[in-house]
Amino acid sequence: MSGPASAGPSDAERLGPPPAPVIMCGTCAGAGTVTEVCRCGDGGNRLLVGWRDEVGRAYQDCQVCGGAGRVSLSCVDCGRSGRRRAQLVLTVADLDTGAVASANVVPGSVEPTPTERGGWCLDLTRLVNEQRATIGAGTPGEVLRERHRPWEAATLIVPLDRRWRPELPAQQRLALEAEAIARQVHRPWWLWLARSAAPPAELPEARLRRLCELADLPEARLRRLCELADLLRLDLVIEARRPHRGNPTWQVRYEVPGGEVPAQTSAYWPDLATAVAGTTVADALYGLGERGAAAPAYTMLPGGRRRAARPVVELARLGELIADDLARAPGAQAIWRDGSWWHVRLGVGGSTLMLTERDTGQVARQTVTLLRRAAEPPAPSWQGVPIPYEPCPDCVPGSRLVACYCRVDGGPAEPGCRLCGGAGHEPVPGGCPRCRGSHRRYAALTVTVTDLEQRAEHQLWLPGDGPEVGPDHRLDRPYRLADQAADFGVRPEDLTEADGGQPLTFGLREGLVLAGGPDPQRRFVASAAAGRPGARLIVVARRPDVPPLTDLVRLAHGLSLSALVGVCDDRPAGLGLRWVVSLGRDGLAPERVGRPHQLTVEAAIGHCLRFLDEAVRAAVPEEAGVPIPVPQAPATARPVDPVPGILALAEHHAGREVTVEIGRRVCRVHLREPVGWRLLARAATLTEALRGLGLPS
């Protein structure tokens, strides 16, 4: 619920920031639209592109330009207005106190400084540090936009045009500064979040680890990644590749032992130290399933080689060894396995043809060079016997064809089926849903439940024969991961997949076999293991480390925004609660918030903070003549927790979506109807809105 109504707006709030200079958009010359050459001419008038002998000839069946070769598009830099706003706002906010400090950057507000390579720029680092000192954030905070880099690495530079000189007349200098500031149109409001206090229940060791991560010491972060690799029984791979043109790129990631070298990676870090500093545990785990799709599956032996208490990491020496291997090969890797580093070179292992569909209706082909390891490190000490598998009976390898639903229980296809036409197979985008594109049906599954700190429980799901059961049959332990959540002190809804952080499906969490039939354990394990790298499922059991909703509401009000909370109570149907949390402008339409999809309010808050930059960017006024607000707010007390009131609303409208907007001076409650939304209540606070609806406040 909401606290007492705040006082009226101050004079500064009523007047707002002074109007920022508005200049003509240089991209479209003020027209609001641009005419570009259509990309269908890259490969000539062909359906399959990739050749360069007919560049310039438009594709006559192009779905974008219709064969004209040129297309008129809205200017994305000015949003069709033909004008740009020459204003930047730098904001630092403390999640623990609610304090907000901002700086307004307009032409003439920052003294230009010379750059190392010649020319001049606007160095905004001093302004950010001043705002940080204003709110009293003593501990360096996380820069969400910069992938958790430290304050010291957030050097903010706005380069000026080469024509700028100190001796130019003031009018010309300000005009060139306005052009440089206006070029930041896609990120006109920069926001940093600071944490001035640790969570009260945080252990000293965890607190020390957090400080190391926030200080972004690469050695400390790499040591932590190595510890988790030993805990989870994964490989930590540091890879450097030398492209045909340009400097080497680096990547840090986890892999299942024995997996192939990926054909393509998202590596873009310029050196090892930067790659380690910019890679979180979630980043290293992301894409584990895709990378390990062809990895061999083994059981795990108990124990294994004893892990060192603190892995020895010499970052500089490690980078030198990888660079030496890279000088004689197109790629090099350092693999942390069983408490030791193994250095291998990557050689050319053939090539593959990748086809990509374009929006023009053409298909682009690209030849990708495949790399392979010159030698494999020794097998890990915990590796047991291979896990057997059978080819997936429902899909055709090398294609997107899967068994049609008309073939019930493997029987013959129905003549004239509307899906397959009697062929027995139908194309499915993304591959077979029953094996998730792996073409394998494993007979067992290794499940790892971990808190990503110091604990990991490994267990083998080896199903046996079972009697025939009816639909919606629930298995006993160990197939109920929800029962194991209590062992880690979390709720079943807190269980997430390590790769991507998505919540576990209800059936997997509850050990639910939907279809009736014999051998329910075998069918459940085969479904759970489908597409898992090395027949492994890694489940994270931990509460999201996020501030409470009260802190997010206070942050929104400090930023002159509203907190929007959407919830749907499906507990009567046995599906639980679903949440979505976002920040936005006052009066934002409820359909812009998104559909509730998170299982807990904490997970929804974490999702909101992860994409906070997008919400801030969307809150910038669309009209260039309207200045961006420059929020300032002192430290304030937490408001009353709104979660109980929102839960009362959701329970009263069970099965339907409710969206609550908690603004600084107004609260709106909307209910989703079969067509559109209906405004249920509008009041100064959530308490008054609930009272008006006849609900307990």
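# A walk through the predicted structure

Arg 253 is buried, and Glu 239 is buried as well. These two residues make a useful starting point in this model, which is a predicted one, and their side chains meet in a salt bridge with a distance of 2.7 Å from N to O. Because Arg 253 lies in strand β13 (residues 249–255) and Glu 239 lies in strand β12 (residues 235–241), the pair ties together parts that are 14 residues apart in sequence. The structure as a whole holds 33 salt bridges, and side chains of opposite charge can pair in this way when their charged atoms come close.

Two further salt bridges are worth following with the model open. In one of them, Glu 320 pairs with Arg 317, and the closest N and O atoms are 3.5 Å apart. Glu 320 and Arg 317 are three residues apart in helix α9 (residues 315–326), so they are separated by about one helical turn. Glu 320 is partly exposed, with a relative accessible area of 43%, and for Arg 317, likewise partly exposed, the relative accessible area is 43%. In the other, the side chains of Arg 656 and Glu 673 meet with 2.6 Å from N to O. Here Arg 656 lies in the loop between α16 (643–652) and β31 (657–662), while Glu 673 lies in the loop between β32 (667–672) and β33 (677–683), so that this salt bridge ties together parts that are 17 residues apart in sequence. Arg 656 counts as partly exposed, because its relative accessibility is 30%, a value between the limits of 20% for buried and 50% for exposed. Returning to the pair in β12 and β13, Glu 239 and Arg 253 belong to one network, in which salt bridges that share partners also join Arg 241, Glu 255, Arg 373 and Glu 376.

Helix α2 shows how burial can be arranged around a helix. Within this helix, which spans residues 125–135, the buried residues are Thr 125, Leu 127, Val 128, Gln 131, Arg 132 and Ile 135. They cover an arc of only 165° around the axis, and therefore they lie on the same side of α2. Ala 133 and Thr 134, by contrast, are exposed on the other side of the helix. What do the buried residues of α2 pack against? Their partners are the strands β6 (88–94), β7 (100–105), β9 (120–123) and β11 (189–194). After α2 comes Gly 136, which has a positive phi near 75°.

One of those partners, β9, also takes part in an open sheet of three strands, whose order is β8-β9-β10 and whose pairing is antiparallel. The edge strands of this sheet are β8 (113–114) and β10 (157–159), each of which pairs on one side only. Between β8 and β9, which run antiparallel, there are two bridges, and Pro 114 has Trp 120 in β9 as its bridge partner.

Another buried arginine is found in helix α5 (residues 218–232), where Arg 221 has its place. Arg 221 counts as buried because its relative accessible area is 9%. Although Arg 221 and Val 281 are 60 residues apart in sequence, their C-alpha atoms are 9.2 Å apart in space.

Further along the chain, strand β23 (residues 445–450) is joined to β24 by six bridges, and the two strands run antiparallel. Thr 450 stands opposite Ala 456 in β24, and in the hairpin of β23 and β24, where five residues lie between the strands, Leu 452 takes a positive phi near 60°.

The aromatic side chains complete the picture. A search of the whole structure finds eight aromatic pairs. In one of them, the rings of Trp 461 and Tyr 479 have their centres 5.2 Å apart and their planes at 65°, so the pair is edge-to-face. This pair links distant parts of the chain, with Trp 461 in strand β24 (residues 456–461) and Tyr 479 in the loop between β25 (473–474) and α10 (481–485), 18 residues apart. Trp 461 and Tyr 479 are both buried, and together with Phe 524 they form one aromatic cluster. Rings also meet charges in this model: Arg 440 has its charged end over the ring of Tyr 389, 4.7 Å from the ring centre, and Arg 455 lies over the face of Phe 488, at 3.9 Å from the ring centre.

How values were computed. Residues are numbered from 1 along each chain as its sequence is written. This is a predicted model: local features need pLDDT of at least 70, side-chain atom pairs count only at pLDDT 80 or more; totals for chains, interfaces and linings use all residues. Side-chain values use heavy atoms; hydrogens and water are left out. Buried means under 20% relative accessible area, exposed over 50%, partly exposed in between (1.4 Å probe, protein chains only). Helices (H or I, at least four residues) and strands (E, at least two) are DSSP runs, numbered from the N terminus. The arc is that of the directions from the helix axis to the C-beta atoms. Contact means heavy atoms within 4.5 Å. Two strands pair if DSSP finds at least two bridges between them. Rings of Phe, Tyr and Trp (its six-membered ring) pair if their centres lie within 6.5 Å; planes under 30 degrees apart count as stacked, over 60 as edge-to-face and the rest as tilted. A charge sits over a ring if NZ of Lys or CZ of Arg is within 6 Å of the ring centre and within 35 degrees of the ring normal. A salt bridge is a side-chain nitrogen of Lys or Arg within 4 Å of a carboxyl oxygen of Asp or Glu.
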